[in-house]
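User: I'd like a close look at one part of this protein, the hairpin and whatever sits around it. Could you walk me through that, then show me how the rest of the picture fits in?

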Amino acid sequence: MPDGHKCRRIHGHNFKVEVNLLGEVNPETGMIQDFGEIKSIINPIIDMLDHQFINEVGEEKNIPLLKIPTTENLVMWFYHEIKPLIPALYSVVIHETDNNTCEYRENW
Ligand SMILES: [Zn+2]
């Protein structure tokens, strides 16, 4: 961040992540995909970032989008991490605060 920008200094966020699916409900299970399964896919990714200096995670793991961890970059990275395991994934939304939100989906 440039000099004088309020986000230049190290600071934290209480991100909220929303994972949205779009698809047919399986008539046998009554679900698109089991919530428990979705949580087991998402939780390791959240654990990787929770209480971490995300810029350092980006450097250590060489993940370009995390080296500049804006909410825009986080949401794109998160989406592409989980998409292979959640085929019906429609979008990911990250709430940086109650007022600041980014949504990412592929077809827009
Ligand atoms: Zn910030």
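Analyst: Let's start with strand β3, residues 101–104, which has two faces: C102 and Y104 sit on the covered one, while T101 and E103 are on the uncovered one. That every-other-residue pattern is what you'd look for, because side chains in a regular strand alternate between the two faces of the sheet. Keep in mind as we go that this is a predicted model.

What does β3 pair with? Its partner is strand β2, residues 89–95, and the two run antiparallel, with 4 bridges between them. To get from β2 to β3, the chain goes through a hairpin of 5 residues. If you want a spot to find by eye, look for H95, which stands opposite T101 in β3. So T101 gives you two things to check: it belongs to the uncovered face of β3, and it has H95 across from it.

Now step along to E96. Its side chain makes a polar contact of 2.4 Å with the side chain of T71. T71 is part of helix α4. Is T71 buried or exposed? It counts as buried, because its relative accessibility is 3%, and the cut-off for buried is under 20%.

Helix α4 takes us to the largest pocket, since α4 (71–82) is one of the elements giving two or more residues to its lining, along with α1 (35–49) and α2 (54–60). The largest share comes from α4, with 5 residues. The pocket holds about 910 Å³ of space. Its lining has 31 residues, and H11, H13, F15, I54 and P69 are the closest to its centre. Sorted by class, the lining comes to 15 nonpolar, 10 polar and 6 charged residues.

Two of those central names turn up again at the zinc ion. Its protein donors are H11 and H13, each through its NE2 atom, lying 2.0 Å from the ion. How open are they? H11 has a relative accessible area of 42%, so it counts as partly exposed. H13 is partly exposed too, at 31% relative accessibility.

There's also a second largest pocket, with a volume of about 180 Å³. Residues lining it include V19, L21, M31 and F35. The elements that give it two or more residues are β1 (16–21) and α1. Helix α1 gives the most, with 4 residues. So you meet α1 at both pockets, because it is listed for the largest one and for this one. By class, this lining has 7 nonpolar, 1 polar and 2 charged residues.

Last stop: the loops. H51 sits in the loop between α1 and α2. Its phi is near 55°, a positive value in a residue other than glycine. H51 is exposed, with 78% relative accessibility. Further along, N62 lies in the loop between α2 and α3 (64–67). N62 also has a positive phi, near 50°, and is not a glycine either. Its relative accessible area is 53%, and because exposed means over 50%, N62 makes the cut.

Conventions: Residues numbered from 1 in each chain as written. Predicted model: local features only at pLDDT ≥ 70, side-chain atom pairs only at ≥ 80, totals over all residues. Heavy atoms only, no water. 1 Å grid on protein atoms, 1.4 Å probe; cavity = no way out; pocket = protein on both sides within 12 Å on 5 of 7 lines; lining within 4 Å. Points joined across faces, edges and corners; volume = space filled by probe spheres on them. Nonpolar A, V, L, I, M, F, W, Y, C, P; charged D, E, K, R; others polar. Donors = N, O, S within 2.8 Å, 3.2 Å for Na, K, Ca; no water. Buried < 20%, exposed > 50% of the residue type's maximum accessible area, 1.4 Å probe, protein only. Pairing = 2+ DSSP bridges. Polar contact = N/O pair within 3.5 Å; in protein donor to acceptor, adjacent residues only side chain to side chain.
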